[in-house]
Amino acid sequence: MDKNRLLDALAQVLENYRRCGVSQVARGSLPESAQLALERLASLSPAELSPAENASPADYSASAEGIVRGPSAESSIRAQVTADAVASGSFAAAAQQTANEQPGKWTLPVLEIAERVQQMEGLDRQIRDCRRCENIVQFRQRTVFGEGKLEPKICFMGEAPGADEDRQGRPFVGKAGQLLTKIIAAMKLTREEVYILNALKCRPPQNRTPVPEEIENCRNFVESQLEVLKPQFIVCLGAVAVRSILQSNLSIGRLRGRFHNYRGARVVVTYHPSYLLRNESAKRLVWEDMKMLMREAGLD
Ligand code: SF4
């Protein structure tokens with residue numbers, strides 16, 4: 001694994017801890033892959049690191065808590081992890097100061113199916129009444145809640161409704177949706193066996209990319225839906241879905257090809273079907289990601 005992938009993997013581990021409110025973790029409690037990555041990083045010589053990464057640990061002297069809660073958490077974590085690993089061959093400041101809790105826990109109990117129906121209906125009503133995104137609501141025809149199995153193994157999460165979805169009130173029913181349906185079928189599943197939702201429940205005008213504030217506005221709804229559904233796996237289709245639940249700005253290329261954590265679910269990051277409509281060659285990469293998911297989910 002190259003250095004950048006190691007840094008990304010470690011940054012993601014720390015980010016997941018941070019998102020769970022964990023500010024300290026013992027090195028021995030880290031996932032095995034993170035421990036291996038640390039050992040590999042520690043074996044790199046300073047010359048193998050870029051100047052920015054090769055700063056003295058004193059430059060990153062804030063505690064792990066300060067770092068993960070700092071304004072530029074991602075770059076700081078990367079720098080801290082590198083500096084610590086190189087300086088001491090350990091996760092010293094960043095890891096040993098960072099908790100004993102495990103990331104990845106749902107916060108609500110598992111609900112019976114009737115309770116799930118009730119909760120989802122309540123959320124749907126809240127969403128239909130929601131007017132938080134003032135630059136969107138005046139243009140929407142319908143809200144698009146999501147649909148599928150209420151006890152799904154896998155959730156597919158996209159960006160926001162498009163014109164077709166806005167008209168019909170259903171997710172992924174346009175051209176990109178038809179491609180997603182084919183991808184799901186290639187996994188030997190049907191749409192009814194998974195759950196499909198979007199990071200935004202309303203269509204941004206002219207299908208523009210949602211701004212961060214809008215993603216933030218709608219995140220509570222997404223998190224509530226996922227808490228009710230408690231999928232084992234979530235597929236993030238594109239950068240907006242990534243931003244919504246992983247709260248990361250890293251590119252899809254950097255994040256795909258491995259599993260991430262969101263509360264009790266394992267997360268696969270891949271390209272949005274609408275991107276595939278414009279970039280045929282990326283289909284192969286998405287299929288690689290789906291095969292990785294299928295192996296792990298026992299679907300192959
Ligand atoms: S996108 Fe989400 S937060 Fe924004 S108005 Fe629609 S339902 Fe509300």
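Start with the whole chain: 14 helices and six strands. The model is predicted. Of the 300 residues in the chain, buried ones make up 43%.

**Stop 1: the sheet**

Select the six strands. They form an open sheet in the order 1-3-2-4-6-5, with mixed pairing. Its edges are strand 1, residues 147-148, and strand 5, residues 259-262, each of which pairs on one side only.

Now narrow the selection to strand 2, residues 154-158, and strand 3, residues 195-198. These two strands run parallel and are joined by four bridges. To see one such pairing, pick glycine 158, whose bridge partner in strand 3 is asparagine 198.

Keep strand 2 and swap strand 3 for strand 4. This pairing is also in the parallel sense, over four bridges. Pick methionine 157 here; its bridge partner in strand 4 is cysteine 236.

Are the residues of strand 2 buried or exposed? Five of its five residues are buried, so the strand is described as mostly covered. Colour the two faces separately: Ile154, Phe156 and Gly158 lie on one side, Cys155 and Met157 on the other, and both faces are covered.

**Stop 2: the helix across the sheet**

Add helix 14, residues 282-297. What does this helix lie across? Helix 14 lies across strand 2, strand 4 (233-237) and strand 6 (265-270). Its angle to strand 6 is about 165°, and an angle over 145 degrees counts as roughly antiparallel.

**Stop 3: the ligand**

Centre the view on the ligand and select the residues around it. There are 15 of them, and the closest are Cys130, Cys133, Cys202, Asn217 and Cys218. Two elements give two or more residues to this shell: helix 7, residues 134-137, and helix 10, residues 212-229. Which of the helices gives the most to the shell? Helix 10 does, with four residues.

Recolour the shell by residue class. The ligand is surrounded by nine nonpolar, two polar and four charged residues.

**Stop 4: helix 6 against helix 10**

Keep helix 10 on screen and add helix 6, residues 113-129. Two packed helices are described by the angle between their axes and the distance between the axes. Here the axes come within 10 Å and cross at roughly 170°. Helix 6 and helix 10 are therefore roughly antiparallel to each other.

Show the side chains at the contact. From helix 6, select Arg116, Gln119, Met120, Leu123 and Ile127; from helix 10, select Phe221, Ser224, Gln225 and Val228. By class, the contact of helix 6 with helix 10 has five nonpolar, three polar and one charged residues.

Next, pick glutamine 119 alone, in helix 6. How many C-beta neighbours does glutamine 119 have inside 10 Å? The number is 18, and glutamine 119 therefore counts as partly exposed. Leaving aside residues up to four places away in sequence, glutamine 119 touches Leu111 and Val228. Draw a C-alpha to C-alpha distance from glutamine 119 to serine 224: the two are 105 residues apart in sequence and 9.0 Å apart in space.

**Stop 5: loop residues**

Three loop positions remain.

- Phenylalanine 172: go to the loop between helix 8 (163-168) and helix 9 (175-186). Phi of phenylalanine 172 is positive, about 50°, although the residue is not a glycine. Phenylalanine 172 is buried because 28 other C-beta atoms lie within 10 Å, where the cut-off is 20 or more.
- Lysine 188: move on to the loop between helix 9 and strand 3. Lysine 188 has a positive phi, near 60°, in a residue other than glycine. Is lysine 188 buried or exposed? Lysine 188 counts as exposed because it has 10 C-beta neighbours inside 10 Å, against a cut-off of 12 or fewer.
- Asparagine 249: finish in the loop between helix 11 (239-245) and helix 12 (252-255). Asparagine 249 is exposed, since 11 other C-beta atoms lie within 10 Å. From asparagine 249, draw a C-alpha to C-alpha distance to alanine 239: the two are ten residues apart in sequence and 7.5 Å apart in space.

Definitions and conventions:
Residues numbered from 1 in each chain as written. Predicted model: local features only at pLDDT ≥ 70, side-chain atom pairs only at ≥ 80, totals over all residues. Pairing = 2+ DSSP bridges. Contact = placed C-beta atoms within 7 Å. Axes fitted to C-alpha atoms, helices over the stretch in contact; angles between N-to-C directions. Near = placed C-beta within 6 Å. Nonpolar A, V, L, I, M, F, W, Y, C, P; charged D, E, K, R; others polar. Parallel < 35°, antiparallel > 145°, perpendicular 65-115°, else oblique.
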